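Let's take a walk through this structure together, from the arrangement of its parts down to single residues. Keep the 3D view open as you read.

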Amino acid sequence: MLFSCRSSSRPSAESPRDAGPATPIAEFAGAYPADAPSSSAVKSYDLVAAETETALVDGTVMRVWAYNGTVPGPTLRVRLGETLRVRFTNRLPQPTTIHWHGVRVPNAMDGVPNATQPPIAPGETFVYEFAPKDAGTFWFHPHLRSSEQVERGLYGVLIVEDPKPLPYSHDVVWVLDDWLRDSRGQIVEEFNTMHDLMHDGRWGNAITVNSNTHERLVVSSGDRIRLRLLNSANGRVFKPDFSGIDAKVIAIDGMYLREPIEPKDLEIAPGNRVDLDVTFAATESKSVAIVDRFYASTPNHLADIWIDGIATPPPFFESPAHAHVPAWRGALVTAVDQEFRLNARRGGPLGIEWTINDHAFSAHEHDHPAAVTFTQGRFQHLRFTNESYRLHPIHLHGMFFRLLARNGSAVDEPFFRDTVLVHGKETIDIGLVPLDLGRWMMHCHILEHAEAGMMTMIGVVPPSGG
Ligand SMILES: [Cu+2]
């Protein structure tokens with residue numbers, strides 16, 4: 001059903017000045033800050049990307065590409081107010097970059113080759129340095145040949161802690177991924193195949209949590225844990241069933257919700273993060289299986305949670321999910337500022353091109369002027385029309401957005417996103433207020449679709465246009 005309250009030119013008693021198009025802006029005020037808190041504290045990490053061999057998936061020694069020798073790479077932690085400095089060295093046989101997915105960084109730190117920095121050649125070092133503006137669960141991965149480099153194992157989690165982290169019993173990260181392995185248990189080294197391009201990217205034959213087919217989380221009765229999930233797969237969407245545990249969603253794509261919600265029908269598309277607040281009260285020992293039900297007919301076992309023993313519960317605290325997230329009920333009837341049609345066609349270097357408004361982005365275009373320009377601080381109503389039958393998790397760099405509608409029906413998700421799954425033949429509407437200046441990528445996070453052209457560049461310019 002469409003909301004009937006219009007944000008047209010009729011002033012109301014509640015907002016005499018800001019009625020009309022300014023209303024979504026008034027509602028947005030206080031959602032998240034324009035700037036990072038000022039501080040001089042710096043947290044430094046060294047990160048090296050290199051080929052290595054490590055026992056993964058089911059214990060097989062696999063040839064992978066890894067950050068600091070592990071897959072997932074190290075979990076980087078920084079507190080809100082601190083500056084993160086990462087001295088990165090490329091020891092891969094290919095150039096690479098690091099993109100900080102979901103983090104509102106200065107444009108020059110965004111890791112988009114030729115657009116925000118030159119590719120980092122083999123043997124070279126590049127220092128990434130920025131002060132995060134938002135606390136939450138983020139991740140990092142290459143933004144060059146990503147369908148190969150991410151698939152080979154290059155990704156890690158970045159946790160930006162609250163200034164005063166809540167006293168959870170444990171803070172747990174689950175990185176969901178899948179691997180396409182050959183008969184020897186090694187990564188199939190054909191990337192961007194015609195099959196991957198014609199479907200929803202590369203879906204593997206081994207599903208892992210933290211690179212383990214039998215991930216087991218051991219907790220005690222009395223524990224209250226923060227469980228952070230990330231989907232780092234090239235194409236696979238997960239829909240984990242949490243009905244066996246007492247869990248509430250507190251954050252999506254890093255950002256706290258307006259209020260905690262039940263983790264029901266949660267589709268975690270490539271790039272998405274979900275943070276859960278989980279309480280264990282059972283007194284008897286038991287094991288709970290967490291199962292992926294994205295395709296109901298073929299459920300996939302993800303992990304087990306073993307509840308064993310009794311722990312002293314942490315002192316009670318309220319859920320952190322009480323962020324200011326605008327409802328934007330009138331936004332759906334505002335004019336659409338920009339429509340993006342998503343489709344495919346034969347042709348291009350890979351044989352199939354994935355297009356946005358009939359255009360397939362090529363690697364040589366990164367330094368071209370942005371295809372679309374937004375004004376900083378102004379509300380934007382965008383529409384994505386999927387003219388294809390495939391999945392497209394659309395990711396925007398440098399900004400968060402709110403889903404307004406699916407197929408014209410209003411949706412009030414009480415949270416912002418940086419990635420939203422657009423299903424086959426679906427139309428979605430989103431609203432956003434860009435705060436961060438620069439040239440930002442928008443692309444499908446099915447990495448094969450992106451590689452085959454489903455990317456574009458959005459410029460965010462100051463209100464003066466200068
Ligand atoms: Cu796609």
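In this predicted model, the C-alpha centres of domain 1 and domain 2 are 25 Å apart. The two domains are in contact, and that contact draws on 15 residues from domain 1 and eleven residues from domain 2. On the side of domain 1 that touches domain 2, two elements each give two or more residues: strand E28 (438–444) and helix H4 (447–451). H4 gives the most to this side, namely four residues. What is the chemical make-up of the side of domain 1 that touches domain 2? Its residues divide into five nonpolar, four polar and six charged.

To place these domains along the sequence, note that domain 1 comes in two segments, 16–30 and 325–461. Domain 2 covers 41–161, and domain 3 covers 170–307.

Now zoom out to the whole chain. Its secondary structure consists of four helices and 29 strands. The radius of gyration is 22 Å, close to the 23 Å that the globule rule gives for 466 residues, so the chain is as compact as a globular protein of that length. If you align the view with the principal axes, the C-alpha trace spans about 65 × 55 × 50 Å. Of the 466 residues, 45% count as buried. Contacts also reach across the sequence: among those with a separation of 6 or more, 76% are between residues 24 or more positions apart.

Next, look inside. In soluble globular proteins, nonpolar side chains tend to be buried together. Here the largest nonpolar core has 118 residues, and those with the most contacts inside it are Trp100, Leu158, Leu176, Leu257 and Met454. Take Leu257 as a guide to this core. Leaving aside residues up to four places away in sequence, Leu257 touches Val249, Ile250, Ala251 and Ile252, and also Ala321, Ala323, Val325, Pro414 and Phe415.

For another setting, turn to Val172, which lies in strand E9 (residues 170–179). Is Val172 buried or partly exposed? It has 17 other C-beta atoms within 10 Å; being buried takes 20 or more and being exposed 12 or fewer, so Val172 is partly exposed. Beyond residues up to four places away in sequence, Val172 touches Leu217, Ile225, Leu227 and Arg228. If you would like a distance to check in your viewer, Val172 and Asn386 are 35 Å apart from C-alpha to C-alpha, with their positions 214 residues apart in sequence.

Finally, a few backbone details deserve a look. The peptide bond from Val71 to Pro72 is cis, with omega near -5 degrees. Pro72 sits in the loop between strand E2 (60–67) and strand E3 (76–79).

Two residues other than glycine have positive phi values. For Arg145, phi is about 45 degrees, and this residue is in the loop between strand E7 (136–141) and helix H2 (146–149). With 21 other C-beta atoms within 10 Å, Arg145 meets the cut-off of 20 or more, so it counts as buried. For Ser211, phi is near 60 degrees, and its place is the loop between strand E10 (206–209) and strand E11 (215–221). Ser211 has 22 other C-beta atoms within 10 Å and is therefore buried as well.

Methods: Residues numbered from 1 in each chain as written. Predicted model: local features only at pLDDT ≥ 70, side-chain atom pairs only at ≥ 80, totals over all residues. Core = buried A, V, L, I, M, F, W, Y, C linked by C-beta atoms within 7 Å. Contact = placed C-beta atoms within 7 Å. Domains from an automatic or database assignment. Nonpolar A, V, L, I, M, F, W, Y, C, P; charged D, E, K, R; others polar. Rg over C-alpha atoms; globule rule 2.2 N^0.38 Å.
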